[in-house]
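This report walks through one protein model, moving from its overall plan to a few chosen residues. Please keep the sequence and the structure in view while reading.

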Amino acid sequence: MDIMVKGTGTRYYKADEVEINLNFHTNTDSYETALEKGTNDVQIFIEEILNQMKFSKEEMKTRSFRIYEDKRYDYKNNVEKSYGFIYEQMAKLKFDYDINVVAEFMDRVSKLSNPPKYTISFNVKDEKKIKEEALADAYNMAKEKAEAIAKAAGKNLKECVKTDFRPFEEKVYSNSSLDGNMFVGRGRGAIGAEMASAEQTIKTIFTPEDIEISETLYCLWITD
């Protein structure tokens, strides 16, 4: 007798890693000024954020970099217009999860004159381990189901002769994220004075959702 069953293993983990994706963006009227101002913004970020928070420059990994002319077509006048040159640098910063560090980062960035846009996500460092644990749970569940079916049929479960599972396609991450734009440009005027700092706000209201990893395994069992 053949028994085909499906098992699903689901586990939850606390985030232990923070990943910040940065987008430095500067628009000026010439290639030379775009390069100068863009690199200056990055240098200020390194000095005012990374150095002050004890990160090394090497910890910020550049993903892409380009300077290009911002051309757009004017359909009304049937002509292509130039809107200056854009400096764009995408980078990534990773560190061990600590909400105090996240809050300090957001507060410091909000005070920059031309801060980068950024998003913050919360991950786990040992993805391989938690996927293996979820897959083991899926197998054990499938075995329990097969044993119950075999017992109901008056058979003895012999062995699993075939398995199939969905590959790990999705990156393991928490559904929680932070968009840095909501804390940019707060200013230091009367309104800014009434607002809690980004640092205190984040530490007070934000707790990342647990990371969920779920794997499904299909098993073919035979009986005696």
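The sections below describe the overall layout, the strand pairs, the nonpolar cores, one helix, two cysteines and three further residues.

## Overall layout

The model is a predicted one, and the values given here were computed from it. The protein contains five helices and eight strands, and when these elements are read along the sequence they follow the pattern β-β-α-β-β-α-β-α-β-β-α-α-β.

Of the 224 residues, 39% count as buried. The accessible surface of the protein comes to about 13500 Å², and carbon and sulfur atoms account for 47% of that surface. Among the contacts with a separation of 6 or more, 82% are between residues 24 or more positions apart.

## Paired strands

Strands β3 and β4 run antiparallel and are joined by 13 bridges, and one pair that can be looked up in the structure is Ser64 with its bridge partner in β4, Met90. The two strands form a hairpin with four residues between them, and Asn78, in the turn, has a positive phi of about 55°.

A second antiparallel pair is made by β2 and β5, which seven bridges join. Here Asn23 has Lys117 in β5 as its bridge partner. Strand β5 is mostly covered, since five of its seven residues are buried.

## Nonpolar cores

The largest nonpolar core has 38 residues, of which Ile20, Leu22, Phe45, Met60, Val102 and Phe105 touch the most other members. Two or more residues of this core come from each of the elements β2 (17-28), α1 (31-50), β3 (60-74), β4 (79-96), α2 (99-110), β5 (117-123), α3 (127-152) and β8 (211-223). There is also a second, separate core of nine residues, and Val5, Ala142, Ala150 and Cys219 are among them.

What does Met60 touch, when residues up to four places away in sequence are not counted? Its contacts are Leu22, Phe24, Val42, Phe45, Ile46, Leu50, Ala91, Lys92 and Leu93. Of these, Leu22 and Phe45 are also named among the core residues that touch the most other members.

## Helix α3

Helix α3 offers a simple check of length, because its 26 residues, at 1.5 Å a residue, should span 38 Å, and its end C-alpha atoms are indeed 38 Å apart, which agrees. Its buried residues are Glu127, Ile130, Lys131, Ala134, Ala138, Ala142, Ala146 and Ala150. Two of these residues, Ala142 and Ala150, belong to the second core. Just after the helix, Gly154 takes a positive phi of about 75°.

## Two cysteines

How many disulfides does the count come to? The count is zero, although two cysteines can be compared with the cut-off, which asks for sulfur atoms within 2.5 Å. Cys160 is in no disulfide, and the nearest cysteine sulfur, that of Cys219, is 4.3 Å away. Cys219 is likewise in no disulfide, its nearest cysteine sulfur being that of Cys160.

Are these cysteines buried or exposed? Cys160 counts as partly exposed because its relative accessibility is 23%, whereas Cys219 counts as buried because its relative accessibility is 0%.

## Residues with positive phi, and Val101

Most residues other than glycine have a negative phi. Against that background, two residues deserve a look. Lys54, which is not a glycine, has a positive phi of about 70°; Lys54 is found in the loop between α1 and β3, and it counts as exposed because its relative accessibility is 73%. Asn78, also a residue other than glycine, has a positive phi near 55°; Asn78 lies in the loop between β3 and β4, and its relative accessible area of 57% is why it is exposed.

Val101 is found in helix α2, and because its relative accessible area is 21%, it is partly exposed. When residues up to four places away in sequence are not counted, Val101 touches Met53, Phe55 and Phe95. Val101 and Val18 are 83 residues apart in sequence, and their C-alpha atoms are 9.7 Å apart in space.

Notes:
Residues numbered from 1 in each chain as written. Predicted model: local features only at pLDDT ≥ 70, side-chain atom pairs only at ≥ 80, totals over all residues. Heavy atoms only, no water. Core = buried A, V, L, I, M, F, W, Y, C linked by side-chain atoms within 4.5 Å. Buried < 20%, exposed > 50% of the residue type's maximum accessible area, 1.4 Å probe, protein only. Contact = heavy atoms within 4.5 Å. Expected span 1.5 Å × (residues − 1). Pairing = 2+ DSSP bridges. Areas by Shrake-Rupley, 256 points an atom, 1.4 Å probe, with all protein chains shown as cover.
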